[in-house]
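Welcome! Have a look at the structure below, and then we can talk it through together.

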Amino acid sequence: METPVVPAYPRQAQLDAFNRLLDILDDLREKCPWDRKQTMESLRHLTIEETYELSEAILTQDLPEIKKELGDVLLHLVFYAKIASEQGAFDIAAVLNAQCDKLVFRHPHIYGDTKADTEEEVKKNWESLKLKEGNKSVLSGVPSSLPSMVKAMRIQEKARGVGFDWDEPSKVWEKVEEEMAEFKAEFDKPQLSEEDKAKATDELGDVFFSLINFARFLDLNPEEALAKTNQKFIHRFQYLEKAAATQGKKLSEMTLAEMDVYWNEAKQKANPG
């Protein structure tokens, strides 16, 4: 069954809806004890949670849930601007105008005379312009608090934006194999000392970094790949739990061979034929 196409609201209706959100937040900030109490700091962890929920909805391609989570994230953005306006710092109009100004400045191939016919040229111009804005390093725009895998991806993308990159995928794969061999050399010992573990940890990090780099060359998103694998494991493990319970068994009392039977059933149901 095809998803029905919902016509977009006219621009004025979109602006009216945004204005309605601003009005409602004004009311809540004045009249609701919970909303009145919130600060940027108290909202921060909630915003992170909402962002992950949006990410989950995108991965599962659940459009109704994406719509809901986009609303939650948008509320938080407006909420931060509302708090800032109460402090006399800025308001939502300043936020939007600053963003528009930045987009115009960083797209001179659209709003200026610069030529950029490919995605790579656009990215190089983007990083060059960010340095002109005052960034001391190409990597300074990578938030330190990003999850490590996402951070590795952003570091590699930014380095590529200024031409610091491998020439071809085969060389990247050679690096992956080199790092895996170095990792194996560190853990492939009868007994690991604390120093050995520290070295193995360093080498494991290099393996991950090189694999992420190789995925980038193939235009694959390693974060998305791992998220989907996590979902797949959860689905299969929960099938295993339910199947065992149906047979009156506990997983802790089953052998690995017995559990593998249900695990393979889960795989077959997910990929029939």
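A visitor's questions and a guide's answers follow, and they concern a predicted model.

Visitor: At what angle do helix α7 and helix α8 pack?
Guide: Two packed helices are described by the angle between their axes and the distance between the axes. Here the helices are α7, residues 119-132, and α8, residues 148-161, with axes 8 Å apart. Angles of 65 to 115 degrees count as roughly perpendicular, and α7 and α8 are therefore roughly perpendicular to each other. The angle is about 95°.

Visitor: Which residues of α8 make the contact with α7?
Guide: Let's take the two sides in turn. From α7 come Glu120, Lys123, Lys124, Glu127 and Lys130. On the α8 side, the contact is made by Lys158, Arg160 and Gly161.

Visitor: How far apart are the closest N and O atoms of Glu157 and Arg154?
Guide: Glu157 and Arg154 are three residues apart in helix α8, so about one helical turn separates them. Glu157 is partly exposed at a relative accessible area of 33%, and Arg154 is partly exposed at 31%. The two form a salt bridge, and the distance between their closest N and O atoms is 2.6 Å.

Visitor: How many residues apart are Lys82 and Asp26?
Guide: These two form a salt bridge, with their closest N and O atoms 2.9 Å apart. Lys82 is partly exposed at 21% relative accessibility, and Asp26 is partly exposed at 34%. The pair links distant parts of the chain, since Lys82 sits in helix α4 and Asp26 in helix α1 (residues 11-31). Along the chain, their separation is 56 residues.

Visitor: How many salt bridges does a search of the whole structure find?
Guide: We have already met two of them, Lys82 with Asp26 and Glu157 with Arg154. A search of the whole structure gives a total of 19.

Visitor: Is Glu186 buried or exposed?
Guide: The side chain of Glu186 meets that of Lys189 in a salt bridge, at 3.7 Å from N to O. Lys189 is partly exposed, with a relative accessible area of 33%. Buried means under 20% relative accessible area. At 17%, Glu186 therefore counts as buried.

Visitor: Which residues do salt bridges with shared partners join into one network?
Guide: One member, Asp72, lies in helix α4 and is partly exposed at 23% relative accessibility. Salt bridges that share partners bring it together with three companions, and the full network is Glu65, Lys68, Glu69 and Asp72.

Visitor: What distance separates the C-alpha atoms of Asp72 and Glu53?
Guide: Start with their places in the sequence: Asp72 and Glu53 are 19 residues apart along the chain. In the model, the distance between their C-alpha atoms is 9.6 Å.

Visitor: Which residues does Glu179 touch, not counting residues up to four places away in sequence?
Guide: Glu179 is in helix α9, residues 169-187. Its relative accessible area is 7%, so Glu179 is buried. Leaving out residues up to four places away in sequence, Glu179 touches Glu203, Asp206, Val207 and Ser210.

Visitor: What separates the C-alpha atoms of Glu182 and Ala200?
Guide: Glu182 also has its place in helix α9, and it is partly exposed at 32% relative accessibility. Along the chain, Glu182 and Ala200 are 18 residues apart. Their C-alpha atoms are separated by 8.5 Å.

Visitor: What is the phi of Gln61?
Guide: Gln61 is in the loop between α3 (40-59) and α4 (63-86). This residue is exposed, with a relative accessible area of 68%. Its phi is positive in a residue other than glycine, with a value near 55°.

Visitor: And what is the phi of Asp219?
Guide: Asp219 lies in the loop between α10 (194-217) and α11 (222-246). Its relative accessible area of 71% makes it exposed. Although Asp219 is not a glycine, its phi is positive, at about 60°.

Visitor: How much accessible area do Val104, Ile110 and Tyr111 have together?
Guide: Ile110 lies in helix α6, residues 108-111. Exposed means over 50% relative accessible area, so Ile110, at 55%, is exposed. With Val104 and Tyr111, Ile110 forms a nonpolar patch on the surface, and their accessible area together is about 320 Å².

Key. Residues are numbered from 1 along each chain as its sequence is written. This is a predicted model: local features need pLDDT of at least 70, side-chain atom pairs count only at pLDDT 80 or more; totals for chains, interfaces and linings use all residues. Side-chain values use heavy atoms; hydrogens and water are left out. Patches are made of residues with over 30% relative accessible area and no salt bridge: like charges are joined within 9 Å, nonpolar side chains (Val, Leu, Ile, Met, Phe, Trp, Tyr) within 5 Å. Accessible areas come from the Shrake-Rupley method with a 1.4 Å probe; for residues, only the protein chains shown count as cover. A salt bridge is a side-chain nitrogen of Lys or Arg within 4 Å of a carboxyl oxygen of Asp or Glu. Helices (H or I, at least four residues) and strands (E, at least two) are DSSP runs, numbered from the N terminus. Buried means under 20% relative accessible area, exposed over 50%, partly exposed in between (1.4 Å probe, protein chains only). Axes are lines fitted to C-alpha atoms, for helices over the stretch in contact, and angles run from 0 to 180 degrees between N-to-C directions. Angles under 35 degrees count as roughly parallel, over 145 as roughly antiparallel, 65 to 115 as roughly perpendicular and the rest as oblique. Contact means heavy atoms within 4.5 Å.
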